[in-house]
Amino acid sequence: MSARVRMSELSWVEVERRLARDAIVIVPVGSLEQHGHHLPLGVDTFLATAIAERGALRIAALVAPVIPYGYKSQPRTGGGDHFPGTTGLDGATLTGIVRDVVRELARHGAKRIAIVDGHYENEMFLTEGVDLAIRELRRDGLDDTRVVKLRYFEDVPEETIRLLWPDNYPGMALEHAALMETSMMLHVAPELVDLAIAPDEPSALFPGYDVYPPDRSLVPPSGALSSPGRATAQFGEHLVETFVDAVTTALTRGLA
Ligand SMILES: [Zn+2]
């Protein structure tokens, strides 16, 4: 089998062949969202794609083109939508894109589909898109499509937390543009990271509720919600391998 996993680089004949072998099709979903001064807007897109492609090579899956826009950035998880370039979709738009992509893949014979999410705020809109696609497919008489949906960062093993955050793990929501994503970008696309201008501020302190319109004064001016200060490519490699393991295990179990 060819080592090529990107659907966009394959002919329809090759896609037909692989779907006939019941290949899993992975759809990465990212965002175009601020990630501090030191990282590019496409971090969630780059990382979801990198994990999907590395995982696909291991389990002979296909990778559909990434959905590069996500749901609107929220202050407590992504800094908010006031940073230039941060471009969010309405929930119904994202839901509709996911519904259409899942339905189209299924219509051509994909029976095992995976949504790998890289952006915190997407979660329930992806769920809704999958749910609507399954409902539509059932009505069309296609009832053998199964979908696994997960955030690649869903489970961070205890040993990884001890290695990266020996003193104080801020929690995944505050890891935005911080140690984890910065390290992974240093491994996956180091040319897009500028550590020399990485902020070194304490983690943001948010109340346990949201106010609309958001209070921007609660968001660190750089947009990074915790310090990326100790980020290294070695940490990044460890994280990428850990998440590729977790995602491939989830897909092979969930779509067995
Ligand atoms: Zn991110």
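This section describes the zinc site, two buried residues and the largest pocket of a predicted model.

In the predicted model, the zinc ion is held by three protein donors, namely NE2 of His35, an OD atom of Asp44 and an OE atom of Glu181, at 1.9 to 2.1 Å. Along the sequence, these donor residues follow the spacing H-x8-D-x136-E. Asp44 belongs to helix α2, which spans residues 43-59, and Glu181 belongs to helix α7; the pair therefore ties together parts that are 137 residues apart in sequence. Two of the donor residues were examined for accessibility. Asp44 has a relative accessibility of 2% and is therefore classed as buried, the threshold for this class being under 20%. Glu181, at 7% relative accessibility, likewise counts as buried.

Helix α7, comprising residues 179-188, also contains Ser183. The relative accessibility of Ser183 is 0%, so this residue counts as buried. A polar contact of 3.3 Å links the side chain of Ser183 to the backbone nitrogen of Thr232. When residues up to four places away in sequence are set aside, Ser183 touches Ala231, Thr232, Ala233, Phe235, Gly236 and Leu239. Thr232 thus appears both as the polar partner of the Ser183 side chain and among the residues that Ser183 touches.

His38 is located in the loop that connects β1 (25-29) with α2. With a relative accessible area of 1%, His38 is buried. The side chain of His38 takes part in two kinds of polar contact: at 2.9 Å it meets the side chain of Thr182, and at 3.3 Å it reaches the backbone oxygen of Ala177. Both Ala177 and Thr182 recur in the list of residues touched by His38, from which residues up to four places away in sequence are excluded. That list further includes Leu192, Val193, Asp194, Ile197, Ala198, Pro199 and Pro228.

The largest pocket encloses about 260 Å³ of space. Its lining consists of 16 residues, and those nearest the centre of the pocket are Trp165, Asn168, Pro170, Ser227 and Arg230. Classified by side-chain type, the lining comprises six nonpolar, five polar and five charged residues.

Taken together, the predicted model places zinc donors Asp44 and Glu181 in helices α2 and α7, respectively. Ser183, which lies in helix α7 as well, is in polar contact with the backbone of Thr232, whereas His38, in the loop between β1 and α2, is joined through its side chain to that of Thr182.

Key:
Residues numbered from 1 in each chain as written. Predicted model: local features only at pLDDT ≥ 70, side-chain atom pairs only at ≥ 80, totals over all residues. Heavy atoms only, no water. Helix = DSSP H or I, 4+ residues; strand = E, 2+ residues; numbered from the N terminus. Buried < 20%, exposed > 50% of the residue type's maximum accessible area, 1.4 Å probe, protein only. Polar contact = N/O pair within 3.5 Å; in protein donor to acceptor, adjacent residues only side chain to side chain. Contact = heavy atoms within 4.5 Å. Donors = N, O, S within 2.8 Å, 3.2 Å for Na, K, Ca; no water. 1 Å grid on protein atoms, 1.4 Å probe; cavity = no way out; pocket = protein on both sides within 12 Å on 5 of 7 lines; lining within 4 Å. Points joined across faces, edges and corners; volume = space filled by probe spheres on them. Nonpolar A, V, L, I, M, F, W, Y, C, P; charged D, E, K, R; others polar.
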